[in-house]
Amino acid sequence: MRLIQEPYAPFLLLLGLFALVTAAYSLTLPIMEGPDEPEHYGYVEAVRRSQDPASLAGHERAQPPLYYLVAAVLVAPFNPPPWDGALVLNPWWAFNAPPTVPDNKNHFLHTPAEADLVPGVRAARLASLGFGMMAVLGTWLAGREMLPGHGALLAATLVAFTPQFIQTCAQVSNDSAAAGLSALALWRLLILGRRGATRQNALWAGLMLGLALLAKSSALTLIPVALLAAWQGRRSDRSPWLILFGLAGLVGGW
């Protein structure tokens with residue numbers, strides 16, 4: 001019961017509202033209409049069918065696999081039909097039209113023929129929602145380490161209700177995984193730098209850093225932050241350094 005009492009209640013309300021708004025957006029956004037969503041879902045399909053991602057993932061095939069593994073697990077119970085990446089382009093797609101043009105926003109033509117595919121795509125989008133909730137949580141936790149008063153809740157609110165972030169978490173994309181795991185990694189690195197580079201702090205920071213690296217290669221930008229945190233919380237004992245970077249390399253370096 002303590003989790004639904006102060007000071008957690010406002011944050012849990014925020015997290016619930018974020019999940020509700022993002023889920024509503026996901027349900028109303030036609031499948032494959034998110035940026036690069038066909039390629040991301042193609043990667044999920046390749047993992048689900050134990051294929052080389054190059055066959056379906058297109059330019060996303062070089063992405064690390066964590067997000068796609070999680071999404072494939074969520075898709076599996078729905079057992080959607082195999083997808084070969086084929087979509088019917090909308091010949092009247094108004095790509096260069098001004099925002100005031102009221103129609104032809106969809107890149108693809110959506111027909112009843114895609115009905116069997118819809119549950120699989122929406123299940124994969126659940127992975128994005130889950131990682132998005134991690135990002136909001138990580139922001140709140142990091143804010144509690146360094147911001148006074150209601151600063152942590154304000155920071156989490158700004159992340160949760162940034163429209164572009166909601167869209168990212170409502171579609172099939174590994175960007176939400178990168179955001180969520182990077183936020184948690186930054187939180188643990190803050191603890192490492194502010195409370196000291198103990199072995200336990202280094203263990204958690206290394207795990208989160210490694211998972212972020214396994215979500216998207218852009219998480220490599222966290223390594224200088226990790227070096228700074230390790231130096232800030234330095235101890236004469238070198239084992240926390242070895243734990244931090246050794247575990248990060250073991251989990252995500254490969």
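Here are some friendly questions and answers about the predicted model shown above.

This is a predicted model in which local features need pLDDT of at least 70 and side-chain atom pairs count only at pLDDT 80 or more, while totals for chains, interfaces and linings use all residues. Residues are numbered from 1 along each chain as its sequence is written, and side-chain values use heavy atoms, with hydrogens and water left out.

Q: How much space lies in the largest pocket?
A: A pocket here is an open set of points on a 1 Å grid over the protein atoms alone, where a 1.4 Å probe fits, with protein on both sides within 12 Å along at least five of seven lines. Grid points are joined across faces, edges and corners, and the volume is the space filled by probe spheres set on the points. For the largest pocket that space is about 220 Å³.

Q: How many nonpolar, polar and charged residues are in the lining of the largest pocket?
A: Lining residues have an atom within 4 Å of a point, and among them are Trp83, Phe108, Thr111 and Glu114. Ala, Val, Leu, Ile, Met, Phe, Trp, Tyr, Cys and Pro count as nonpolar, Asp, Glu, Lys and Arg as charged, and the others, Gly among them, as polar. By class, the lining has 10 nonpolar, 1 polar and 1 charged residues.

Q: Which residues of helix α9 are buried?
A: Helices are DSSP runs (H or I, at least four residues) numbered from the N terminus, and α9 spans residues 222–232. Buried means under 20% relative accessible area, exposed over 50%, and partly exposed in between (1.4 Å probe, protein chains only). The buried residues are Leu222, Ala226, Ala229 and Ala230.

Q: Why are these buried residues on the same side of α9?
A: The arc is that of the directions from the helix axis to the C-beta atoms. On the other side of α9, Pro224 and Leu228 are exposed. The buried residues sit on the same side because they cover an arc of only 100 degrees around the axis.

Q: Is Lys216 buried or exposed?
A: Lys216 has its place in the loop between α8 and α9. Leaving out residues up to four places away in sequence, Lys216 touches Gln63, Pro64, Asn174, Asp175 and Ala178 (contact means heavy atoms within 4.5 Å). Its relative accessibility is 18%, so Lys216 counts as buried.

Q: Which residues are linked with Glu45 in a network of salt bridges?
A: A salt bridge is a side-chain nitrogen of Lys or Arg within 4 Å of a carboxyl oxygen of Asp or Glu. Glu45 is buried, with a relative accessible area of 0%, and one salt bridge joins Glu45 to Arg48, with the closest N and O atoms 2.7 Å apart. Another has Glu45 meeting a second arginine at 2.9 Å, N to O. The residues linked with Glu45 in the network are Arg48 and Arg49.

Q: How many residues apart are Glu145 and Arg195?
A: Glu145 and Arg195 form a salt bridge, the closest N and O atoms being 2.3 Å apart. This pair links distant parts of the chain, with Glu145 in helix α4 (residues 118–146) and Arg195 in helix α7. Glu145 is buried at 14% relative accessible area, whereas Arg195 is exposed at 56%. Their separation along the chain is 50 residues.

Note on methods:
Helix = DSSP H or I, 4+ residues; strand = E, 2+ residues; numbered from the N terminus.
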